[in-house]
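Please open the structure in your viewer and keep the selection tool at hand. We will go from stop to stop, and at each one you will be told what to select and what is there.

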Amino acid sequence: MINLAGNKLMVNVENLSVSYRQQRKEVPALRGVSFAIPRGGTCALIGPSGCGKSTLLYVLSGLLGSFSGRVLVDDEPVQPLRRQTALILQDYGLLPWKKVFDNVGLGLDIRGINGRERTARVQRVLLEVGLWEMRDRYPSQLSGGQRQRVAIARALALEPDLLLMDEPFSSLDALTREKLQKQLLDIWQKKRMTVVLVTHSIEEAIFLGQIIIVLSEHPGRVVDIVENPRVGEPGYRKTPEFHALTTVLREKLIP
Ligand SMILES: Nc1ncnc2c1ncn2[C@@H]1O[C@H](COP(=O)(O)OP(=O)(O)OP(=O)(O)O)[C@@H](O)[C@H]1O
């Protein structure tokens with residue numbers, strides 16, 4: 001499928017609704033959500049706590065298969081364990097008993113990529129995120145920012161064309177957070193995979209999301225889809241446009 005700007009769509013969600021079953025009652029989590037992300041674009045999902053952001057990410061990853069509506073990833077109906085989709089969860093999902101090197105190789109192990117190919121890919125991504133020196137450490141011997149980078153490296157080792165991230169930087173201090181946001185942007189500019197990121201932070205959404213999807217209170221509906229084409233431009237964070245957009249989003253989220 002092609003969007004209006006002539007780009008192929010990576011994600012196309014039409015009229016998506018999701019409910020959870022809780023004590024024999026249907027609890028709606030998302031209602032009638034529609035949006036599209038072009039291939040190689042970035043998208044930030046933002047909205048109040050409990051509005052269904054993580055649920056939406058689980059649907060895109062294929063982990064949550066019971067929904068109504070249509071969800072296409074690279075023109076195919078979404079399915080579990082798509083090889084080129086990588087998902088980074090909130091707690092990073094690192095195994096404490098495995099060293100950094102093997103934590104990064106975990107996704108490759110699951111997909112049966114081993115031997116020299118595995119070693120080469122793990123080495124390459126550890127160098128990319130600046131963690132090669134830490135390869136023999138255990139997760140407990142790393143800082144929060146380093147652990148997050150291990151999780152990113154693990155995702156990159158899969159050479160994904162769709163990277164899904166659930167609040168990847170929320171537990172980090174402000175400085176580390178900005179550093180890693182910048183690093184993610186650098187990686188995206190190099191590889192141009194499609195990125196979908198859940199965040200609570202308005203600034204993060206504007207810094208990283210070419211498309212910002214604003215969801216309503218639970219059950220989540222799309223309040224607005226904001227286009228933010230200057231993502232990745234040097235110095236964007238310091239521009240008046242960036243600050244103006246901060247105000248616009250704040251008003252949409254806290255009317
Ligand atoms: N397994 C489940 N069973 C029942 N209800 C659930 C389940 N998982 C989530 N929910 C409910 O669905 C709604 C959406 O949850 P979700 O975690 O997707 O929201 P969120 O926007 O990511 O929240 P937060 O910003 O607080 O992380 C919430 O009201 C939540 O309580």
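The tour begins with the whole chain, moves on to the ligand, and ends with two loops. Keep in mind throughout that this is a predicted model.

**The two domains**

Begin by colouring residues 9–84 together with 160–253 as domain 1, and then give residues 94–159 a second colour as domain 2. If you mark the C-alpha centre of each domain, you will find that the two centres lie 24 Å apart. Where the domains meet, domain 1 brings 16 residues to the contact and domain 2 brings 15 residues. The area buried between domain 1 and domain 2 comes to about 1,300 Å², and carbon and sulfur atoms give 62% of it.

**The ligand and its shell**

Next, select the ligand and show the residues within 4 Å of it, which should give you a shell of 14 residues, with S49, K53, S54, T55 and H200 as the closest. Which classes of residue make up the shell around the ligand? Four of the shell residues are nonpolar, eight are polar and two are charged.

Now turn to the oxygen atoms of the ligand, and look first at the backbone of C51, where an N or O atom lies 3.1 Å from a ligand oxygen. In G52, a backbone N or O atom lies 3.0 Å from an oxygen atom of the ligand. With H218 the side chain takes part instead, and one of its N or O atoms is 3.1 Å from an oxygen atom of the ligand. Taken alone, the ligand exposes 640 Å², of which the protein buries 66%.

To see which elements frame the ligand, select β1 (9–22) and α1 (53–61), the elements that give two or more residues to the shell. The largest share, three residues, comes from α1.

**Two loops**

Stay with H218 and add P219 to the selection, since a cis peptide bond, with omega at about -10°, joins these two residues. P219 itself belongs to the loop between β9 (211–215) and β10 (222–227).

For the last stop, go to Q23, which lies in the loop between β1 and β2 (25–38). Its phi is near 45°, a positive value in a residue other than glycine. As background to this last pair of stops, most residues other than glycine have a negative phi, and most peptide bonds are trans.

Technical notes
Residues are numbered from 1 along each chain as its sequence is written. This is a predicted model: local features need pLDDT of at least 70, side-chain atom pairs count only at pLDDT 80 or more; totals for chains, interfaces and linings use all residues. Side-chain values use heavy atoms; hydrogens and water are left out. A polar contact is a pair of N or O atoms within 3.5 Å; within protein, one must be able to donate a hydrogen and the other to accept it, and residues adjacent in sequence count only if both atoms are side-chain atoms. Accessible areas come from the Shrake-Rupley method with a 1.4 Å probe; for residues, only the protein chains shown count as cover. Helices (H or I, at least four residues) and strands (E, at least two) are DSSP runs, numbered from the N terminus. Ala, Val, Leu, Ile, Met, Phe, Trp, Tyr, Cys and Pro count as nonpolar, Asp, Glu, Lys and Arg as charged, and the others, Gly among them, as polar. Domain bounds come from an automatic or database domain assignment. Contact means heavy atoms within 4.5 Å. Buried area is the accessible area (1.4 Å probe) that two parts lose on being put together, summed over both.
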